[in-house]
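Hi there,

Here is the structure I promised to pass on. Please have it open while you read the notes underneath.

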Amino acid sequence: MLLQVSSVTKSYGVNVVLSNISMQVQERERIGLVGVNGAGKSTLLKIIAGEMSADSGAIHKAKETKIGYLAQNSGLQSSRTIEAEMRAVFSHLIEAEQELRELEVKIADPALHEDEKRYADTLDKYAKRSDWYREQGGFEINTRINSVLHGMGFGSFPPDTLISTLSGGQKTRLALARILLQAPELLMLDEPTNYLDIETLTWLESYLRGYSGAILVVSHDRYFLDALAQTIIEIERHTSKRYTGNYSRYMELKAAEYEINMKQFEKQQDEISRMEQFVQRNLVRASTTKRAQSRRKALDKMDRLDKPQGDLKKAHFTFEIERQTGKDVLAVNDVSVTFSGKDSPIFQNVSFQLTRGETVALIGPNGIGKSTLLKVIVGQNEPTTGSIRFGTHVKLGYYDQEQTRLNGQNTVLEEVWGSYAHMEEARIRTVLGNFLFSGEDVLKRISSLSGGEKARVSLAKLMLASANVLILDEPTNHLDLFSKEVLEAALLDYEGTLLFISHDRYFLNKMAERIVELKPSGTDHFLGNYDEMIEKKNEIEEARLEALSKQASNSKSAAVSDNSPVSSYEADKQAKREERAKQRKLEQLEQEIASLEEQITELEEQLADPAIFNDYIRIQEIQAAIEARKTTLSTAYEEWEQYM
């Protein structure tokens, strides 16, 4: 066990945030921490990291456990270059490398050879230091840095780029890159998928799945949680609950748990009702008084179940339209955009169409110009070349991910009512109530709202627009998991036409009927959702590789006839080499399987030792070791079967 949180409580004044929170983190465990915005997830991570104190409770961690914590949107602030900042992570190894170089100079000095003892001591010191340097990964420093920087989208950046010149989103990604290189035993990440495009997200998932330490991550990205998490800890109504499995499994377990608890509650309520009726009917009758009194005592002693509380209150809204558009909604023809002062366009040759009722996703890497294209479509920017043409009866509704259309000085009520002044205040308040702004909440200033609250204000304004064409730029950003589900339900029921940008792959899978991928040279088009697009891309890539393979094979056949003795001899030699390699791999796997089975047997015998029956920590360690070896054994067997 790396970490134990015991009965942690935290309040801000009279507002309780966390109440009696307890949890454990085991070695290599992947935990997703979920809950609505404001549930206390970030507060809990700060308490664990030591950046905030709890009102009560305790945090216990193993002495050797190093914790790495990356707060939400915490950009890297540094005056160094990218290369210097990343290499600083390995300062202890760089110092050891310098020490080795100095020892090499001494060893090469003829004067040292004359003193046999000093020479032998220096050689011994060099050997030990060299072994330590190799074991600590000293020879892989540059490889690790380049791999992580490339994965996090900095592969094309010059190493001497000053960090101070990067954007906020780039600094956040670089902070994540640095903490990955530090490789702490417990990695705590608060919304690490913010500012990441799909390509970087996919790389991060793969990297974290192979991470050697444990991971505790707060995320509203359901696809990410499904791919990474083995355990979900939910914080709801100030308390925590643990579920085994990924996010989808957690949703299933939670729904089943609620159903079981409700049935038990209803069953007990029926029993209570029957007993109370019996008491009322029989208490005054002499012949049944004793039985009635007995039932009443049983009622008094009964441990009554609380009614299951079910889900928290969710936002509730629908997008309605006043009238339908014509069949042809939007035609984007050969559009390009060049920023002022730049020689080359950010994108060009962009063409696509929307027809009535379609739901189309616009995707592409960060910086490709997706938001710029949407602004061109809605008329906020002008294209450098090309044309934008709308069909008949189009009424546009636009959602800006940066919330620049909100006035920070307005209250929530003023912001929405100001856009729809013809509506009665009661109607506006009802709509805001549907978006979870009730009572005094409507008098909050826009500038004081969280990202999720601002998103709900923008969605409230969008709902009232009754637009028949919605243009949405990252609509799920800042929304918690539950609000995302409400938005999806509203958009699935929407009868208009929808064009949206998103990096949320779960949202893309659920919503997209067609995908337009934006590239500098134009667009690629795919029917279906995100997973179907990936499948199609893989098919195209396999076909390309197969064509290259055939081309190479044909070229080889042209150079050497298949019937020639040389060709036959080479083919026979290659076959024998492959057979020998196969036999060696089989022998290695069989040795590995035998060794693992022996280790598992020994560990299971240790569990049966009476001397450790009361040593809970040692039992946990042995059980974890057994599970780890069984997992490795299963993989080895699968690989062995492939070679048989």
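Below is what turned up, going from the whole chain to single residues.

Please keep in mind that this is a predicted model. The protein chain has 644 residues, and 40% of them are buried. Its secondary structure comes to 20 helices and 18 strands. Taken along the principal axes, the C-alpha atoms fill a box of roughly 105 × 80 × 60 Å.

Salt bridges

The count of salt bridges is 34. One of them pairs the side chains of Glu 99 and Arg 129, with N to O at 3.1 Å. Glu 99 sits in helix α3 (residues 91–107) and Arg 129 in helix α5 (residues 116–135), so this bridge ties together parts that lie 30 residues apart in sequence. Are these two buried or exposed? Neither label fits: Glu 99 is partly exposed at 25% relative accessibility, and Arg 129 is partly exposed too, at 26%.

Two other bridges stay inside a single helix. Arg 249 pairs with Glu 252, and their closest N and O atoms are 3.3 Å apart. Both belong to helix α10 (residues 247–282), where three residues, about one turn of the helix, separate them. Arg 249 has a relative accessibility of 40%, so it counts as partly exposed; Glu 252, at 49%, is partly exposed as well.

The second is in helix α18 (residues 530–559), where Glu 546 and Lys 550 are four residues apart, or about one helical turn. Their side chains meet in a salt bridge of 3.7 Å, N to O. Glu 546 is partly exposed, with 47% relative accessibility.

Elsewhere, salt bridges with shared partners link Arg 222, Lys 484, Glu 488, Asp 504 and Lys 510 into one network.

Around Ser 502

Asp 504, a member of that network, also has a backbone contact to look at. Which side chain has a polar atom 3.0 Å from the backbone nitrogen of Asp 504? The side chain is that of Ser 502. Ser 502 is placed in the loop between β16 (497–501) and α17 (505–511). Its relative accessibility is 0%, so Ser 502 counts as buried.

A positive patch

On the surface, Arg 281, Arg 285, Arg 291 and Arg 295 gather in a patch of positive charge. Among them, Arg 285 is in the loop between α10 and α11 (289–301). Arg 285 is partly exposed, with a relative accessible area of 46%.

Two backbone angles

Two residues caught my eye for their phi values. His 238 is not a glycine, yet its phi is positive, at about 75°. You will find His 238 in the loop between β8 (231–236) and β9 (239–244), and it is partly exposed at 36% relative accessibility.

Ser 466 also has a positive phi, near 55°, in a residue other than glycine. Where is Ser 466 found? It lies in the loop between α15 (451–464) and β15 (469–473). With 18% relative accessibility, under the 20% cut-off for buried residues, Ser 466 counts as buried.

If you would like a place to begin, try the bridge between Glu 99 and Arg 129, then the loop that holds Ser 502.

Best wishes

Conventions:
Residues numbered from 1 in each chain as written. Predicted model: local features only at pLDDT ≥ 70, side-chain atom pairs only at ≥ 80, totals over all residues. Heavy atoms only, no water. Salt bridge = Lys/Arg side-chain N within 4 Å of Asp/Glu carboxyl O. Buried < 20%, exposed > 50% of the residue type's maximum accessible area, 1.4 Å probe, protein only. Patch = residues over 30% accessible without salt bridge, like charges linked within 9 Å, V, L, I, M, F, W, Y side chains within 5 Å. Areas by Shrake-Rupley, 256 points an atom, 1.4 Å probe, with all protein chains shown as cover. Lys, Arg positive; Asp, Glu negative; His and termini not counted. Charge placed at Lys NZ, Arg CZ, Asp CG, Glu CD. Polar contact = N/O pair within 3.5 Å; in protein donor to acceptor, adjacent residues only side chain to side chain.
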